[in-house]
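Got your viewer open? Let's take a walk through this one, picking one selection at a time.

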Amino acid sequence: MAQVRQLSADSPVTEALRAALGEDCVLLGDAVTGRSAGIWRTDNIRAQVLVRPRTTDEVSRAMSVCHEHGQPVVAHGGLTGLVESGLTTEAEVVVSLERMNAIEAINPLERTAVVQSGVILQVLQEAAAEHGLMFPLDLGARGSCTIGGNISTNAGGNRVIRYGMMRDMVLGLEAVLADGTVVTSMNQMIKNNAGYDLKQLFIGTEGTLGIVTRAVLRCRESVDAQPTLLVGIATFDKLVAFLKAVDRGLRGCLSAFEVMWNDYYKLVTTPPAKNRPPLPQDYAYYVLVEAMGADQTLVEAVVHTALDAELIADAVVANSEAQRRQLWALRDDVEQAFQFAPVFLFDVSLRIPFMADYVEQVHASLQTTFPDARNFTLGHMGDGNLHFAIAVGDDSPDTRRQVERCVYEPLAAIGGSVSAEHGVGLEKKPYLHIARSESEVELMRVLKRALDPKGLLNPGKIFDL
Ligand SMILES: Cc1cc2nc3c(=O)[nH]c(=O)nc-3n(C[C@H](O)[C@H](O)[C@H](O)COP(=O)(O)OP(=O)(O)OC[C@H]3O[C@@H](n4cnc5c(N)ncnc54)[C@H](O)[C@@H]3O)c2cc1C
């Protein structure tokens with residue numbers, strides 16, 4: 001592990017960074033500590049020095065200086081990560097990619113985009129649309145999160161069921177290693193099996209193996225129609241049967257299958273929430289179904305078949321873009337849970353056949369430990385991914401551990417994961433062993449030591465060396 005020490009404006013590493021990059025690139029003191037430590041957090045950045053490079057070369061120079069001085073570094077994108085993987089200490093330097101926000105090229109013929117890693121996701125989505133393309137990654141933080149953050153967390157989101165996770169959308173990338181070496185792997189092709197696929201070292205590794213500076217991304221043809229509907233369902237068995245029926249019936253067009261448990265649906269359709277319920281509030285489950293590129297008549301036929309078969313009890317189909325957005329606004333209104341702040345947010349993964357019992361088990365053990373607990377459940381259920389927003393009245397470290405045990409411990413017996421898409425950071429580090437074997441974690445350490453022998457990149461995140 002790197003040596004820990006307080007940094008100041010006149011420390012040798014700060015001086016060296018200013019000399020190597022220019023004063024404009026290096027922020028100090030209040031300009032750094034005045035920044036929020038992350039979305040939905042009440043604390044600020046603790047690091048005292050923040051570097052804002054504009055090019056890969058500048059990132060490389062910054063890392064060379066830090067390597068020479070044994071200086072730990074944490075990369076920052078949009079700071080929308082939810083697992084404390086971007087948190088800093090006073091001894092660390094932040095490398096923020098905020099000025100590396102150029103879309104270098106969009107190629108409609110090959111359906112690719114070449115971007116710097118600080119590009120905001122929504123900016124890329126809109127730029128792709130102007131070229132008749134779609135960049136399929138989509139998540140609630142689209143307006144703030146960056147492509148570099150999406151890559152480093154292997155972000156998932158709303159359309160994984162059709163297009164996969166961020167890993168599936170990255171054709172190539174460029175990254176700077178801990179010693180400043182630039183690894184350029186800007187592959188532009190869908191297929192390239194020539195040896196190791198080194199980009200995977202930097203996807204989903206939370207900035208612990210390198211700083212991603214540029215990427216080649218795979219886009220898709222844009223679609224005109226985005227039929228969207230909300231259904232109410234009575235039992236979990238019917239929910240699972242409906243997933244299969246709708247996937248088959250929509251002939252490859254299913255692009256989202258987002259489930260809201262009754263507790264979450266009531267939360268987001270009852271004042272002070274601004275949205276009203278499009279369906280009555282007494283169904284056990286609500287599913288938001290999206291079928292990008294499907295014909296509306298096909299969607300309606302699938303709904304009628306499911307109603308006739310009594311798989312679903314009720315349905316509302318969006319008839320305009322405004323109605324489509326209203327349905328998505330329910331799913332995206334997670335912030336309503338903050339009425340009951342403090343709130344613990346969870347993101348777990350498990351096989352669908354275990355889901356109903358698992359959720360019951362979590363509810364039951366929470367009620368036993370915290371009789372007044374509120375637990376709002378939703379998720380990208382088509383991907384086996386559940387989110388809980390849990391409020392028990394306080395957020396002391398002891399309480400947090402008790403709540404985490406209720407959520408994470410039952411996963412061990414069913415082969416689930418403590419992280420479906422948010423990553424590990426500091427928050428899930430104590431529970432990594434539930435999702436990964438000892439040999440897997442040891443191989444992670446081998447890779448970390450090989451690429452970053454001084455332990456300078458995002459130290460202490462995911463696992464200890
Ligand atoms: C409302 C909301 C909805 C969300 N929905 C989803 C969802 O559906 N699916 C999902 O997967 N996530 C979701 N998230 C979590 C979050 O948005 C994603 O993890 C996102 O990918 C983080 O991007 P960022 O730019 O904000 O990264 P940051 O928070 O800045 O960083 C996250 C991690 O990546 C590292 N990092 C950042 N940039 C780089 C880089 N260029 N090189 C190397 N390392 C880097 C950081 O060091 C840190 O470890 C949601 C968050 C919010 C607030």
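How many residues surround the ligand, and which are the closest? Keep in mind as you look that this is a predicted model. Select the ligand and expand to its neighbours: you should pick up 35 residues, and the closest are Ala-75, Gly-77, Gly-78, Thr-80 and Thr-146.

**Stop 1: the ligand's polar contacts**

Turn on backbone atoms and check three distances. At Ala-75, a backbone N or O atom sits 2.6 Å from an oxygen atom of the ligand. Go next to Glu-206, where a backbone N or O atom is 3.2 Å from a ligand oxygen. Then there's Gly-157: here the partner is a nitrogen atom of the ligand, and the backbone N or O atom lies 3.3 Å from it. If you switch on a surface now, here is the number to go with it: of the 970 Å² of accessible area that the ligand has on its own, the protein covers 95%.

**Stop 2: who builds the shell**

Colour the shell around the ligand by residue class. You'll get 21 polar residues, 12 nonpolar ones and 2 charged ones. Which element gives the most to this shell? That would be α5, with 4 residues. To see where it sits, select 147-152 for α5, then add β3 (73-76) and β10 (211-218); each of these elements supplies at least two residues of the shell.

**Stop 3: the sheet of 5 strands**

You already have β10 selected, so follow it into its sheet. This is an open sheet of 5 strands, in the order β5-β6-β10-β8-β9, and the pairing is antiparallel. At the edges you'll find β5 (103-107) and β9 (182-185), each pairing on one side only. Going from one strand to the next, the twist averages 10°.

Zoom in on β5 and β6 (residues 112-116), an antiparallel pair with 4 bridges. A handy landmark there is Ile-103, which stands opposite Val-115 in β6. Now add residues 121-130: that's helix α4, which packs on the sheet and touches β5, β6 and β10. The direction of α4 makes about 40° with that of β5.

**Stop 4: a look at Met-165**

Select Met-165 in the loop between α6 (160-163) and β8 (170-176). Which residues does Met-165 contact, leaving aside its neighbours within four places in sequence? The list is Asn-154, Ala-155, Gly-156, Val-160, Ala-420 and Glu-421. Want a ruler check? From Met-165 to Asp-333, the C-alpha to C-alpha distance is 22 Å, with their positions 168 residues apart in sequence.

**Stop 5: the sheet of 7 strands**

Last selection: another open sheet, with 7 strands ordered β15-β12-β14-β13-β17-β18-β16 and antiparallel pairing. Its edges are β15 (314-317) and β16 (344-349); each has a single partner strand, so one side of each is left without a neighbour in the sheet. Here the twist averages 20° from one strand to the next.

Inside the sheet, highlight β12 (residues 228-233) and β14 (residues 285-290), which run antiparallel and are joined by 6 bridges. Gly-232 stands opposite Tyr-286 in β14.

Finish with the two helices that pack on this sheet. Residues 296-308 form α9, which touches β12 and β15, and its direction makes about 170° with that of β15. Residues 397-413 form α12, which touches β16 and β18 (385-391); its direction makes about 15° with that of β16.

How values were computed:
Residues numbered from 1 in each chain as written. Predicted model: local features only at pLDDT ≥ 70, side-chain atom pairs only at ≥ 80, totals over all residues. Heavy atoms only, no water. Near = heavy atom within 4 Å. Polar contact = N/O pair within 3.5 Å; in protein donor to acceptor, adjacent residues only side chain to side chain. Areas by Shrake-Rupley, 256 points an atom, 1.4 Å probe, with all protein chains shown as cover. Nonpolar A, V, L, I, M, F, W, Y, C, P; charged D, E, K, R; others polar. Pairing = 2+ DSSP bridges. Axes fitted to C-alpha atoms, helices over the stretch in contact; angles between N-to-C directions. Contact = heavy atoms within 4.5 Å.
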